[in-house]
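Visitor: Please take me through the ligand site in detail. What surrounds the ligand, and what touches it?

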Amino acid sequence: MLHLIERNRDAYLPLLLLADPSEAMVRSYLPEGELYAWRSEEEETIGVLHLLEIEPGGVEIKNMAVREGYQGQGFGKQLVQAVLRNLKEREYREVVVRTGNSSIGNLAFYQKLGFRMSGIEFDYFTRTYEDTIVENGIPCRDLIIFKRPL
Ligand SMILES: CC(C)(COP(=O)(O)OP(=O)(O)OC[C@H]1O[C@@H](n2cnc3c(N)ncnc32)[C@H](O)[C@@H]1OP(=O)(O)O)[C@@H](O)C(=O)NCCC(=O)NCCS
């Protein structure tokens, strides 16, 4: 079930770091926007999703992660779909999410949720992160921008 997190956001840092390896970066946007947790019936936190409003009617999924051990079981999809329903009810029009060229799993995940690629920011990761990120044997260099109308 979806929960809006009102306080103690730092407690979700370990989960948020699964999606973004830079703690400094995660901390820089953590106080902003809306933080949601997906919890089991036993109140265990399974996933987390951080939203920022980027323009009137438009939000960005800044970070999302499902706990290791729970991935690949449909929880991420349920979490995103619940947040999209909530945003639509609040009359938001568009959701943006940005990920790396090497994050093959994320490229599949977001497209299965109806997001389409809308742009590439070349060399974003090379410029922003000090250490080279390699995933699936591919250097992470470019930022892929996805959009989905609501
Ligand atoms: C990316 C992530 C949030 C997906 O959540 P999840 O619970 O594992 O995904 P789900 O089980 O809900 O998968 C939903 C769909 O995406 C597909 N999918 C998910 N991960 C995939 C992968 N690595 N490769 C291919 N397809 C994948 C599933 O097959 C499923 O397809 P279906 O709808 O046809 O059944 C999760 O794996 C995660 O936390 N990863 C680490 C952090 C991260 O990279 N976050 C994203 C930052 S932008």
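Guide: A residue counts as near the ligand if one of its heavy atoms lies within 4 Å of it. This is a predicted model. Here, 18 residues surround the ligand. The closest are Met64, Val66, Gly72, Gly74 and Lys77.

Start with the polar contacts. A polar side-chain atom of Lys77 lies 2.6 Å from an oxygen atom of the ligand. Gly74 uses its backbone: a polar atom there is 2.7 Å from a ligand oxygen. Lys112 brings an N or O atom of its side chain to 3.0 Å from an oxygen atom of the ligand. As for cover, the ligand taken alone exposes 930 Å². The protein buries 70% of that area.

Next, the place itself. The ligand sits in the largest pocket. Three elements each supply at least two residues of the surrounding shell: strand 4 (58-66), helix 3 (75-89) and helix 4 (104-112). Helix 4 gives the largest share, with 6 residues.

Now step back to the domains. Domain 1 (1-69) and domain 2 (93-150) each contribute at least three residues to the shell.

Last, the chemistry of the shell. Its residues divide into 9 nonpolar, 7 polar and 2 charged.

Key. Residues numbered from 1 in each chain as written. Predicted model: local features only at pLDDT ≥ 70, side-chain atom pairs only at ≥ 80, totals over all residues. Heavy atoms only, no water. Polar contact = N/O pair within 3.5 Å; in protein donor to acceptor, adjacent residues only side chain to side chain. Areas by Shrake-Rupley, 256 points an atom, 1.4 Å probe, with all protein chains shown as cover. 1 Å grid on protein atoms, 1.4 Å probe; cavity = no way out; pocket = protein on both sides within 12 Å on 5 of 7 lines; lining within 4 Å. Sits in = over half its atoms within 2 Å of the grid points. Helix = DSSP H or I, 4+ residues; strand = E, 2+ residues; numbered from the N terminus. Nonpolar A, V, L, I, M, F, W, Y, C, P; charged D, E, K, R; others polar. Domains from an automatic or database assignment.
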